[in-house]
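Here are a few exercises to work through with the model open beside you. Try each task before reading its solution.

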Amino acid sequence: MALSPSTLFHFTKRKYLMGILKDNFKLKYCFERINHLESPIEYAIPMVSFCDIKLSEIKEHIEKYGYYGIGLSKTWAVEKGLNPVIYLNSSSNFSKGLIGTAQKIITSSEFDSDDQTNIANLIQYTKVYEGELIRKGIKTQAYRYADEREWRYVPDAKENIEPWLSKDKYDTKRKKIDANNTLKDERLYFNANDILYLIVKKESEIRETINHIRAVKSKNYDDIEIDRLTTRIISCERIFSDF
């Protein structure tokens with residue numbers, strides 16, 4: 001029996017879930033800090049993230065990241081090239097060696113572009129095991145990111161997309177807008193059969209969500225697909241009381 005679920009979840013705000021249902025996943029640069037004690041790296045990478053958590057264990061994640069979510073099959077995730085992240089212990093020799101090697105390869109002219117791309121790909125899928133989390137204005141110290149069991153989608157290297165941005169290229173609102181504008185045409189696509197769950201905050205929002213699905217998906221999904229999709233909506237109220 002598998003210990004991990006067959007679903008990956010993405011949680012967000014209500015307006016963003018409605019946007020995902022209408023236009024699939026849009027990518028954006030997300031800020032990360034690999035906080036090794038001697039040589040930390042701060043950077044932003046283009047991605048969409050998901051958590052590999054069972055519905056019965058997801059309450060804390062919902063409260064931090066949003067009461068609206070979409071759960072897609074892990075089969076879909078594998079086919080789309082998503083990958084689990086590598087969690088780094090900030091005080092480990094492995095973390096020190098990885099960061100040191102990344103800094104050397106990326107900043108040195110001795111290495112060719114393939115070497116730099118390969119190490120950039122590795123860094124794109126790394127995250128600190130434990131660190132500070134700031135969500136909704138609330139700061140949590142020693143938050144264990146590894147409990148999220150994160151998977152990521154990162155787009156293939158393209159001429160107009162930077163694989164990562166250093167902090168100085170992403171530390172103002174204007175810089176963030178400009179960076180994310182380079183991703184405006186990037187999408188992570190799914191179809192109706194890939195969706196296993198749609199999560200809303202309240203039972204009273206289910207009907208409105210059904211109407212939204214019928215309005216935005218009638219051109220892409222047939223009636224059977226839409227009807228099946230509407231049966232996969234569940235509220236946080238139900239999750240918190242029944243799981």
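For counting charges, Lys and Arg are positive and Asp and Glu negative, while His and the chain ends are not counted; the place of a charge is NZ of Lys, CZ of Arg, CG of Asp or CD of Glu. This is a predicted model, in which local features need pLDDT of at least 70 and side-chain atom pairs count only at pLDDT 80 or more, while totals for chains, interfaces and linings use all residues. Residues are numbered from 1 along each chain as its sequence is written, and side-chain values use heavy atoms, with hydrogens and water left out.

**Exercise 1. Charges**

Find how far apart the mean positions of the positive and negative charges are.

*Solution.* Start with the counts: the protein chain has 39 positive and 36 negative charges. Their mean positions then turn out to be 6 Å apart.

**Exercise 2. Overall form**

Decide how the radius of gyration of the protein chain compares with the globule rule.

*Solution.* First, the elements: DSSP runs give nine helices and 15 strands (helices are H or I, at least four residues; strands are E, at least two; both are numbered from the N terminus). Next, the radius of gyration, taken over C-alpha atoms, is 19 Å. The globule rule (2.2 Å times the number of residues to the power 0.38) gives 18 Å for 243 residues, so the chain is as compact as a globular protein of that length.

**Exercise 3. The largest core**

Work out which element gives the most residues to the largest nonpolar core.

*Solution.* A nonpolar core is a set of buried Ala, Val, Leu, Ile, Met, Phe, Trp, Tyr and Cys residues joined through side-chain atoms within 4.5 Å. Buried means under 20% relative accessible area, exposed over 50%, and partly exposed in between (1.4 Å probe, protein chains only). The largest core has 37 residues, and Phe25, Phe50 and Trp76 are among those touching the most other members. Elements giving two or more residues include α1 (14–23), β4 (41–51) and α7 (206–217). Of these, α1 gives the most, with four residues.

**Exercise 4. Two buried residues**

Where do Thr12 and Cys236 lie, and which residues do they touch?

*Solution.* Thr12 is in strand β1 (residues 7–12) and counts as buried because its relative accessibility is 11%. Leaving out residues up to four places away in sequence, the contacts (heavy atoms within 4.5 Å) of Thr12 include Leu17, Ile20 and Tyr67. Cys236 belongs to helix α9 (residues 236–242) and, at 1% relative accessibility, is buried too. With the same neighbours in sequence set aside, Cys236 touches Ile62, Tyr67, Ile199, Val200 and Lys201.
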